[in-house]
Amino acid sequence: TDLDVHRGEVVGLAGLLGSGRTELARLLSGADRPDHGQVEVDGRPARIHTPVDGFDHGIAYSTENRRDEGIVEDLTVRENLILAVQARRGWLRPLSRREQDEIVRRYLVALNVRPADPEQLIKNLSGGNQQKVLLGRWLAVDPRLLILDEPTRGIDVGAKAEIQQHVAALADSGVAVVFISSEIEEVVRLSHRIAVLKDHHKIGEIENGPEVTVERIVELIAEHAAGPEHQTSAEVAA
């Protein structure tokens, strides 16, 4: 499975349950280690075996499992927002209150988090606002590649539309985005290119355009029998 991701574009991963979308995201970010294949950054092989390795190469991954692997329920909005920046910096060098306030102020406003109270426990926020805080956490590390796995699952229509607008704005600002959603229509709406997966293999890649529809992608999945195994590799271009 070869996947190229360039700055300023959204690459959507489309496929049915079990197609390998999340597995590919975890491999790209270092959350899982591949049996074979490699990730390249700027055309050079990158050793990405842990999420910290991913961080070091500018790769951030927002998991689909918001409750168990995303938010830390008993921490405040402030504490959740600064987690990734603090982890990247090292726990022995705590962020100053001024640095925290700068991050919190920037992303509470930019992402329209409600209520805009950084000292509120995050578990008291709606699912959509929790998702915005998670998005802010990863934006705060200024990633080159942001992998979003089901960022709009389980949130209301208004919050979903806001998240989608932020994804488009990220690409416009030059960030490379890998976008995963079980709603193929959402992938079609947001992506510049769409990689179609089935049985953990890429079975096609489509440049988005007016002629690209959900039906076309579903037909491609239905028609394609699983092929022979391929090496898994990916490239992130600056």
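**Entry 1: Asp-142**

I looked up Asp-142 and found it in the loop between H6 and strand S6 (145–149). The model I am reading is predicted. I noted that the phi of Asp-142 is near 55°, a positive value in a residue other than glycine. I recorded this because most residues other than glycine have a negative phi. Is Asp-142 buried or exposed? I found a relative accessible area of 63% for Asp-142, so this residue is exposed, the cut-off for that word being over 50%.

**Entry 2: Asp-42**

I then turned to Asp-42, which also is not a glycine and has a positive phi of about 55°. I located Asp-42 in the loop between strand S3 (38–41) and strand S4 (44–46). The relative accessibility of Asp-42 is 33%, so I entered it as partly exposed.

**Entry 3: a cis peptide bond**

Which residues does a cis peptide bond join? I found Arg-114 and Pro-115, with omega at about -5°. I marked this bond because most peptide bonds are trans. Pro-115 has its place in the loop between helix H5 (97–110) and H6.

**Entry 4: H6 against H7**

I next considered pairs of helices. Two packed helices are described by the angle between their axes and the distance between the axes. For helix H6 (residues 127–139) and helix H7 (residues 157–172), I noted axes that come within 9 Å and cross at roughly 15°. H6 is therefore roughly parallel to H7, since angles under 35 degrees are given that description. I entered the crossing of H6 and H7 as left-handed. On the H6 side, the contact is made by Gly-128, Gln-131, Lys-132, Leu-135 and Leu-139. On the H7 side, I listed Ala-159, Glu-162, Ile-163, His-166 and Leu-170. Sorted by class, the contact of H6 with H7 has 5 nonpolar, 3 polar and 2 charged residues.

I followed one residue of this contact further. Ala-159 is in helix H7. Its relative accessible area is 7%, so Ala-159 is buried. Ala-159 and Gly-127 are 32 residues apart in sequence, and I noted 8.8 Å between them in space, C-alpha to C-alpha.

**Entry 5: H4 against H5**

I took helix H4 (residues 77–89) next and found that H4 and H5 pack at an angle of about 120°, with axes 10 Å apart. I therefore described H4 as oblique to H5. The crossing in which H4 passes H5 is right-handed. Which residues of H4 meet H5? I listed Val-77, Arg-78, Leu-81, Ile-82, Val-85 and Arg-89 in H4. Their partners in H5 include Arg-97, Glu-99, Ile-103, Val-104 and Leu-108. By class, I entered 8 nonpolar, 1 polar and 5 charged residues for the contact of H4 with H5.

**Entry 6: H4 against H6**

I then looked at H4 with H6, which pack at an angle of about 35° with their axes 6 Å apart. H4 passes H6 in a right-handed crossing. From H4, the contact takes in Val-77, Asn-80, Leu-81, Leu-83 and Ala-84. From H6, I recorded Val-133, Gly-136, Arg-137 and Trp-138. The residues of the contact of H4 with H6 divide into 6 nonpolar, 2 polar and 1 charged.

**Entry 7: nonpolar cores**

I asked which residues of the largest nonpolar core touch the most other members. Among its 48 residues, I found these to be Leu-146, Val-177, Phe-179, Ile-194 and Ile-217. Apart from this core lies another, of 20 residues, including Val-5, Val-11, Leu-13 and Val-39. I then listed the contacts of Ile-217, leaving out residues up to four places away in sequence. Ile-217 touches Ala-14, Ile-184, Val-188, Ile-194, Val-196, Ile-206 and Val-212.

**Entry 8: Val-10**

I found Val-10 in strand S2 (residues 10–14). Its relative accessibility is 0%, so Val-10 counts as buried. Leaving out residues up to four places away in sequence, I noted that Val-10 touches, among others, Val-167, Ala-171, Val-177, Phe-179 and Leu-190. Val-10 and Ala-159 are 149 residues apart along the chain, and I recorded a separation of 19 Å between their C-alpha atoms.

**Entry 9: Pro-210**

Where is Pro-210 found? I located Pro-210 in the loop between strand S9 (201–207) and helix H9 (214–223). I entered Pro-210 as exposed because its relative accessible area is 84%. Pro-210 and Glu-186 are 24 residues apart in sequence and, C-alpha to C-alpha, 14 Å apart in space.

Terms used: Residues are numbered from 1 along each chain as its sequence is written. This is a predicted model: local features need pLDDT of at least 70, side-chain atom pairs count only at pLDDT 80 or more; totals for chains, interfaces and linings use all residues. Side-chain values use heavy atoms; hydrogens and water are left out. A nonpolar core is a set of buried Ala, Val, Leu, Ile, Met, Phe, Trp, Tyr and Cys residues joined through side-chain atoms within 4.5 Å. Buried means under 20% relative accessible area, exposed over 50%, partly exposed in between (1.4 Å probe, protein chains only). Contact means heavy atoms within 4.5 Å. Helices (H or I, at least four residues) and strands (E, at least two) are DSSP runs, numbered from the N terminus. Axes are lines fitted to C-alpha atoms, for helices over the stretch in contact, and angles run from 0 to 180 degrees between N-to-C directions. Angles under 35 degrees count as roughly parallel, over 145 as roughly antiparallel, 65 to 115 as roughly perpendicular and the rest as oblique. A crossing is left-handed if the near helix is turned anticlockwise from the far one by less than a right angle, and right-handed if clockwise. Ala, Val, Leu, Ile, Met, Phe, Trp, Tyr, Cys and Pro count as nonpolar, Asp, Glu, Lys and Arg as charged, and the others, Gly among them, as polar.
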